[in-house]
Amino acid sequence: MTAHRDTEVAVIGAGYAGLTAAAAIADAGHDVLVLEARQRVGGRVWTLDADGVPLDMGGMWVGAGHMRFRALLDRFGIATYPTPATGSADWWDERAARLRRARPLPMPAWAIPFVLPAMARIEHMRRRTPPDQPWRAPAAERWDSLTVAQWLRRWIPLRRPRQVVESTLVLSTCEELSRVSMLTLMAFVADNGGLMRGVGGAEEGADQDLVVGGADGAARRLADLLGDRVCLGAAVREIHHGEAGVALTGDGVRVRARRVVVALPPPQVAAIRWTPALPAWRRSLVERVPMGSVTKLMAVYGRPFWRDAGWSGEVLDAAGPVSSLFDVSPPGGPAVLASLTCGAKSRELSALSPGQRRRRIIDAMVRWLGPEATTPLHVADVSWEDEEFSRGGYAGVPWPGTLVPSARLAAPIGRVHFAGTETATRSNGYIDGAIASGERAAAEVLALLN
Ligand SMILES: Cc1cc2nc3c(=O)[nH]c(=O)nc-3n(C[C@H](O)[C@H](O)[C@H](O)COP(=O)(O)OP(=O)(O)OC[C@H]3O[C@@H](n4cnc5c(N)ncnc54)[C@H](O)[C@@H]3O)c2cc1C
């Protein structure tokens with residue numbers, strides 16, 4: 001049976017962007033209704049409960065500069081704890097088939113001099129990139145037509161050191177570097193205040209802290225405040241919009257509203273049937289920001305056995321089928337490891353059966369840390385490209401030649417407003433950017449309703 005609802009503002013998507021927008025609109029005294037496709041809120045942030053141990057299957061870290069996310073956590077009294085091993089990654093030496101300490105970079109000592117000039121060059125480029133408007137960098141158009149893969153081949157001609165840098169950057173962008181422009185990379189580096197702060201392994205970086213109880217706690221608290229104004233299992237399939245208002249058709253629900261906030265990643269915007277159709281420039285823009293690919297596995301152990309042998313639990317494997325590992329254990333709590341694999345390697349993992357995929361990741365962990373990794377107490381994994389309502393992660397990655405699309409993706413069309421981390425100029429791709437975009441979209445709508 002189809003339910004009919006009227007509201008002032010409809011919000012599509014109950015990720016951090018949609019929930020933030022809806023809560024701000026409701027706080028201002030307006031009627032709001034959130035339509036969420038899944039049977040849960042949080043979107044790309046999803047905390048599973050493994051016998052009382054929270055496992056973050058999606059977004060988890062709170063970056064040093066992520067002040068909006070921190071403010072939201074503070075609002076609900078949710079604490080953070082420092083990531084245990086930040087700054088001390090070990091790396092897998094596939095030639096010697098053994099783990100090694102990073103001194104100071106995760107590669108052989110002889111390779112470091114080949115990498116340092118490229119890092120210095122990126123730092124130089126960062127200083128010429130305004131973090132709020134990276135598209136205004138003097139060389140923005142040239143960087144936009146140049147892929148990171150092309151640039152790295154020029155700056156690091158030797159394959160082995162280049163492979164380590166590539167592998168690290170794929171983990172940050174979640175896409176192959178032949179599909180990422182230098183401008184996108186520079187926007188990311190400028191936003192984080194430096195390359196090392198963005199790619200991890202640095203204090204005051206993007207992986208500084210973790211959330212006690214899991215990263216979706218604040219999303220669930222926002223949904224609690226909204227109560228029955230959040231409608232789950234209601235994927236929106238059609239949007240009719242015009243001067244008189246908007247009409248949405250979703251699974252089991254039809255909604256009429258004065259305005260709508262579409263808080264979805266770009267491919268999900270493109271998947272909706274629009275009447276009238278999205279303007280051509282806008283359709284081609286959302287189609288040029290496909291999602292990256294990421295597979296994540298979380299494993300719980302009785303104790304942090306890797307520390308006995310002096311390993312940090314943070315591993316980078318540039319050549320293997322599984323890319324990385326992070327110690328995310330809460331202080332005094334259970335021992336928890338998170339493995340992330342991105343880009344083409346993630347797509348290879350997602351092509352396996354769920355059992356084979358899990359086995360392959362655990363096998364890599366055994367190779368890195370020894371046989372004690374074989375049998376976690378709990379384990380869960382997800383390839384985000386298989387998730388119908390995300391189609392990938394961490395975020396949309398603009399094609400080279402698209403410039404930095406955040407401001408254009410945020411532009412409203414009549415009564416339709418847009419949120420979502422991909423529309424954020426700062427913290428783009430992060431939870432913090434999703435929250436910022438929700439606040440911005442709510443302010444836009446409130447200015448017009450009032
Ligand atoms: C594996 C992984 C690791 C990550 N790590 C981090 C991290 O450590 N730190 C960090 O800050 N960020 C991280 N991110 C990114 C972060 O999770 C996202 O930037 C953020 O959650 C995006 O929020 P959003 O509200 O913009 O979009 P989403 O969370 O994608 O919300 C969109 C919502 O819309 C729903 N939806 C989709 N289509 C429809 C439809 N047709 N009708 C109705 N509803 C629909 C979806 O189900 C979803 O709930 C990670 C992401 C992934 C996948």
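Tutor: Before we start on this predicted model, one definition: a strand is a DSSP run of E with at least two residues, and strands are numbered from the N terminus.

Student: Okay, so where does that put Ser329?

Tutor: In a loop: Ser329 sits between strand E17 (324–327) and strand E18 (335–342).

Student: Why is Ser329 called buried?

Tutor: The cut-off for buried is under 20% relative accessible area. Ser329 has 6% relative accessibility, so it counts as buried.

Student: What makes the link between the side chains of Ser329 and Asp327 a polar contact?

Tutor: The limit for such a pair of N or O atoms is 3.5 Å, and these two side chains are joined at 2.6 Å. The Ser329 side chain also has a polar atom 2.9 Å from the backbone nitrogen of Val336.

Student: Over to the cysteines. Why don't Cys174 and Cys342 count as a disulfide?

Tutor: A disulfide needs two cysteine sulfur atoms within 2.5 Å. The closest cysteine sulfur to that of Cys174 is in Cys342, 5.6 Å away, so they are too far apart for a bond. Looking from Cys342, the closest is the sulfur of Cys174, again at 5.6 Å. The search of the whole structure comes back with zero disulfides.

Student: Are those two buried or exposed?

Tutor: Buried. Cys174 has 2% relative accessibility, so it is put in that class, and Cys342 is there too, with a relative accessible area of 2%.

Student: Now the ligand. Which residues of its shell are closest?

Tutor: Glu36, Arg38, Arg44, Trp61 and Thr421, out of 37 residues that surround the ligand. By class, the shell has 23 nonpolar, 11 polar and three charged residues. Helix H1 (16–27) and helix H15 (431–449) each contribute at least two of the shell residues.

Student: How do you know that Arg38 makes a polar contact with the ligand?

Tutor: Check it against the 3.5 Å limit: an N or O atom of the Arg38 side chain is 2.8 Å from a ligand oxygen. Backbone atoms pass as well: a polar one of Gly429 is 2.9 Å from an oxygen atom of the ligand, and an N or O of Met60 is 3.1 Å from a ligand oxygen. As for cover, the ligand on its own has 1000 Å² of accessible area, and the protein covers 98% of that.

Student: Why do you say the ligand lies between domain 1 and domain 2?

Tutor: Because both give residues to the shell: domain 1 (3–44 + 216–290 + 399–449) and domain 2 (47–66 + 74–86 + 207–214 + 291–386).

Key:
Residues numbered from 1 in each chain as written. Predicted model: local features only at pLDDT ≥ 70, side-chain atom pairs only at ≥ 80, totals over all residues. Heavy atoms only, no water. Buried < 20%, exposed > 50% of the residue type's maximum accessible area, 1.4 Å probe, protein only. Near = heavy atom within 4 Å. Polar contact = N/O pair within 3.5 Å; in protein donor to acceptor, adjacent residues only side chain to side chain. Areas by Shrake-Rupley, 256 points an atom, 1.4 Å probe, with all protein chains shown as cover. Helix = DSSP H or I, 4+ residues; strand = E, 2+ residues; numbered from the N terminus. Nonpolar A, V, L, I, M, F, W, Y, C, P; charged D, E, K, R; others polar. Domains from an automatic or database assignment.
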